[in-house]
Every structure is written in structure tokens, then in C-alpha cells.
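Hi,

Here is the structure I promised to pass on. Have a look at it first, then read my notes underneath.

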Amino acid sequence: MPYDGVEPNPSKKGIALRIPEWIEFLRLVEVINNTYPDLATALSCYMELDHASQMSALKCSECYPFVDTDII
Ligand SMILES: [Zn+2]
């Protein structure tokens, strides 16, 4: 939310958190990681070996959801 605004407004700059919001965010991440340990140790798909080459990475539907895999 902009500092002078009253409603959240999307922007091209991403999100900005005030320091108390950042501290709360870090606390919530810890709670989520403790509640769901599988999420805490999960790896992003781009960390897997099948993303080592561009051709195999293009087949990843998470990284490239709009690529037609029939033409690869
Ligand atoms: Zn991927």
C-alpha cells in the first residue's frame, strides 16, 4: 500500500514492506517452516538437474507454462 494511500495498489516495483511488516513476515515464514517441514526443505524446480540444459528446462511447465512442448 502506498504510504499516502488508503488502498493497496499494484505497481511495477513489486512489494515494499515496512520494517514491522518485514519482521512479522519473517516470523510467519518460521511458523510455516515449522508447521510444514516439507515446504522448508523443498527445492525450486530450477534447482533440479533437468534444468541444467535449456532444452530440458523448456519442458518444465512451471518455468515455461506457455511453451508448446510438442514443438520442442
Ligand atoms: Zn522449472
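**What I found**

Let's start with helix H1, which covers residues 19-35: its 17 residues reach 24 Å from the first C-alpha to the last, close to the 24 Å expected at 1.5 Å a residue. Not much sits around H1, though, as the count of buried residues in this helix is zero.

Bear in mind that this is a predicted model. The mean pLDDT of the chain is 86, with 92% of residues at 70 or more. H1 has the highest confidence, at a mean of 96, while helix H3 (residues 54-57) has the lowest, at 88.

As for the fold, the chain has three helices and zero strands, so the order from the N terminus is simply α-α-α.

What about the overall dimensions? The C-alpha trace spans about 50 × 30 × 15 Å along its principal axes. The radius of gyration is 18 Å, where a compact globule of 72 residues would come out near 11 Å. Burial tells you something too: buried residues make up 0% of the 72 in the chain.

One residue I looked at more closely is Ala52, in the loop between helix H2 (37-40) and H3. Is Ala52 buried or exposed? Ala52 counts as exposed because just 9 other C-beta atoms lie within 10 Å, and the cut-off for exposed is 12 or fewer. Its C-alpha is separated by 27 Å from that of Pro37, and the two are 15 residues apart along the chain.

Cheers

Notes. Residues numbered from 1 in each chain as written. Predicted model: local features only at pLDDT ≥ 70, side-chain atom pairs only at ≥ 80, totals over all residues. Helix = DSSP H or I, 4+ residues; strand = E, 2+ residues; numbered from the N terminus. Expected span 1.5 Å × (residues − 1). Buried ≥ 20, exposed ≤ 12 C-beta atoms within 10 Å, placed from the backbone. pLDDT = per-residue confidence, 0-100. Rg over C-alpha atoms; globule rule 2.2 N^0.38 Å.
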